[in-house]
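Let's take a walk through a protein together, starting at its ligand and working outward. Have a look at the picture below and keep it in view as you read.

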Amino acid sequence: MRIDNMLALVKDGARDVPGVYRMTSADGEVIYVGKSKVLRTRLLSYFRAQFPRDKGARILREAATLEWEVLPSEFSALLRELRLIKLLRPRYNVAMKRDARYHAFVRVSRGPAPRFQVVRGAGTDETGTYYGPFRGALQLEEALRELNDVLGLRDCRLDQPMHFADQPELLTLPSRTPGCIRHEIGKCLGPCVAAVREDEYLARFRVAKAFLEGADDAPLGPLRAQMEASSDALDFERAAVMRDKIRRLESLREQFARIRFALESLSFTYAVKGERPEDGRTYVVRRGRVRDECPTPRTAAERRALDQRVAALLAQQESRQATVPGHEVDEVLLVAAWFRKHPKELKRTTPIELPVDSELIA
Ligand code: SF4
């Protein structure tokens, strides 16, 4: 399809309604997916690109076909665009994770000596689990450093070799030197130099997770004791340092609690209007992710069917922690941003009751 043909197609058929569009090259590769709440206006803007180097002009030059899909609302278009981009990975959609990059997440690394890692956006580990989203990566890093120090957890490179004290091959290996000074100064248990057994390290890591999940105050104990001892010894400078450490950890724990609450409150059905009554769509959102969707019920039988779908969804147990699976981070950010920017849309939601006995997934 030549550019003139595409323009004629848009002029003839596109209307100013919400939707998504995709441009495909001559060899069938989808090169760009976009969305707009005014499709016709958006599509026509491509044909007015003034400079050959404009992104729109470049996409259009490579495109052989242009298709669009009308959707009931802007939210529907945003969601469809996100899912198409994840599925098709068009090369011109490089800005896809731009929103996500403004947010920080805490990722739990894999391997024998796990560590917390602050990442911007969802990173590339789609199978991992992320705590977040948080604002302010630097503050988050600082507070996690405090937690690592108090519990002796490592914070070194992910590829730092680990050697636990209970590894049988240690007898045949030359002695190791630590990869940094944290073990020597008492801030790391030293899993890199066989200074700790694997189960001991993992037990400390579990304490850290329990603290972040609001289930265990243990990391604060030694800091409080040191603060009181310093105060009794009239060493107020040291007592103030301890007080600041405690505050950073408490603030970190509060941030995790806020994320847990925010994710819980993003659990509802959300009915969007379409152009016509029969175009309305209802989304079932659980913990910030759209798990199901269907035409908005218009009869009692359709409402009962939706209730059954919601009940089936809720029957699936899942974590109630501040965690998001890696592959769903973008969608949580989309849903959260949508309701933050359009608070009036919350009036179109109906909360769904999450089961109180949802299991924690480690
Ligand atoms: S002492 Fe070893 S395990 Fe601990 S942070 Fe340093 S390099 Fe990593």
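The shell of residues around the ligand is a mixture: six are nonpolar, four are polar and three are charged. In this predicted model, 13 residues surround the ligand, and the closest are C156, G179, C180, C188 and C192.

Next, find G190, which sits in the loop between helix 6 (137-151) and helix 7 (198-212). Is G190 buried or exposed? A residue counts as buried when 20 or more other C-beta atoms lie within 10 Å of its own. G190 has 23 such neighbours inside 10 Å, so G190 counts as buried. Setting aside the neighbours within four places in sequence, the contacts of G190 are P178, H183, A195 and V196. You can also look for T177: it lies 13 residues from G190 in sequence, and their C-alpha atoms are 9.9 Å apart.

Now move along the chain to helix 8, which covers residues 220-232. At 1.5 Å a residue, its 13 residues should span 18 Å, and the C-alpha atoms at its ends are indeed 18 Å apart, so the two values agree. After helix 8 comes L234, which has a positive phi, near 60°.

Finally, step back to see the whole protein. It has 11 helices and 11 strands, and 32% of its 362 residues count as buried. Its C-alpha atoms fill a box of roughly 80 × 50 × 45 Å along the principal axes. The radius of gyration is 26 Å, whereas a compact globule of 362 residues would have one near 21 Å. Among contacts between residues at least 6 apart in sequence, 65% join residues at least 24 apart.

How values were computed. Residues numbered from 1 in each chain as written. Predicted model: local features only at pLDDT ≥ 70, side-chain atom pairs only at ≥ 80, totals over all residues. Near = placed C-beta within 6 Å. Nonpolar A, V, L, I, M, F, W, Y, C, P; charged D, E, K, R; others polar. Helix = DSSP H or I, 4+ residues; strand = E, 2+ residues; numbered from the N terminus. Expected span 1.5 Å × (residues − 1). Rg over C-alpha atoms; globule rule 2.2 N^0.38 Å. Buried ≥ 20, exposed ≤ 12 C-beta atoms within 10 Å, placed from the backbone. Contact = placed C-beta atoms within 7 Å.
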